[in-house]
Amino acid sequence: MHRRLVAEGCNGYESNADADVWGPGDVQSDATWQQKLGFEGDDANGIPGKSSSDRLRAPEPPFREPAWWPHA
């Protein structure tokens, strides 16, 4: 997911370290991607949704979920 967000011009990362673990740079980058797609407010919160993830075309699984990850 990290590489796809950067490729789409949504680079909120400070480094490429731990690119496979979800962190603050991912939240910022994903929020930027969601905003580019026209999402606003809570729909552009940086937590991947199905629609924005599908349009990003990131390989599965996109990242390892940290312990704090919100589960549905």
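Colleague: Is Arg4 buried or exposed?
Modeller: In this predicted model, local features need pLDDT of at least 70 and side-chain atom pairs count only at pLDDT 80 or more, while totals for chains, interfaces and linings use all residues. Residues are numbered from 1 along each chain as its sequence is written, and side-chain values use heavy atoms, leaving out hydrogens and water. Relative accessible area (1.4 Å probe, protein chains only) sets the class: under 20% is buried, over 50% exposed, and anything in between partly exposed. With 18% relative accessibility, Arg4 therefore counts as buried.

Colleague: Which residue forms a salt bridge with Arg4?
Modeller: A salt bridge requires a side-chain nitrogen of Lys or Arg within 4 Å of a carboxyl oxygen of Asp or Glu. In this pair the closest N and O atoms are 2.8 Å apart. Arg4 is buried at 18% relative accessibility, whereas its partner is partly exposed at 23%. That partner is Glu8.

Colleague: How many salt bridges does the structure hold?
Modeller: One of the pairs is formed by Glu8 and Arg4. In another, the side chains of Asp54 and Lys50 meet, with an N to O distance of 2.8 Å. The number of salt bridges in the structure is two.

Colleague: How many residues apart are Asp54 and Lys50 in helix 3?
Modeller: Helices are DSSP runs (H or I, at least four residues) and strands likewise (E, at least two), numbered from the N terminus. Helix 3 covers residues 50–56 and holds both members of the pair. Lys50 is exposed at 64% relative accessibility, while Asp54 is partly exposed at 45%. Their separation is about one turn of the helix, and in residues it is four.

Colleague: What pattern does the chain follow along the sequence?
Modeller: The chain has three helices. Strands number zero. Read along the sequence, the pattern is α-α-α.

Colleague: Where is the place of Trp22?
Modeller: Trp22 counts as buried, because its relative accessibility is 3%. Its C-alpha atom is 10.0 Å from that of Ile47, a residue 25 positions away in sequence. Trp22 is in the loop between helix 1 (2–7) and helix 2.

Colleague: What is the distance in space between Ala7 and Leu56, C-alpha to C-alpha?
Modeller: Ala7 belongs to helix 1 and counts as exposed, because its relative accessibility is 57%. In sequence, Ala7 and Leu56 are 49 residues apart. In space, C-alpha to C-alpha, their distance is 9.8 Å.

Colleague: Which residue in the segment after helix 3 has phi near 60°?
Modeller: The phi value is positive, and the residue is other than glycine. With a relative accessible area of 58%, the residue counts as exposed. It is placed in the segment after helix 3. The residue is Arg57.

Colleague: What percentage of the residues in the chain is buried?
Modeller: The chain has 72 residues. Among the residues discussed above, Trp22 at 3% and Arg4 at 18% count as buried, while Lys50 at 64% counts as exposed. Over the chain, the buried percentage is 35%.

Colleague: What share of the contacts with a separation of 6 or more comes from residues 24 or more positions apart?
Modeller: A contact means heavy atoms within 4.5 Å. The count is restricted to contacts in the chain with a separation of 6 or more. Of these, the share from residues 24 or more positions apart is 39%.
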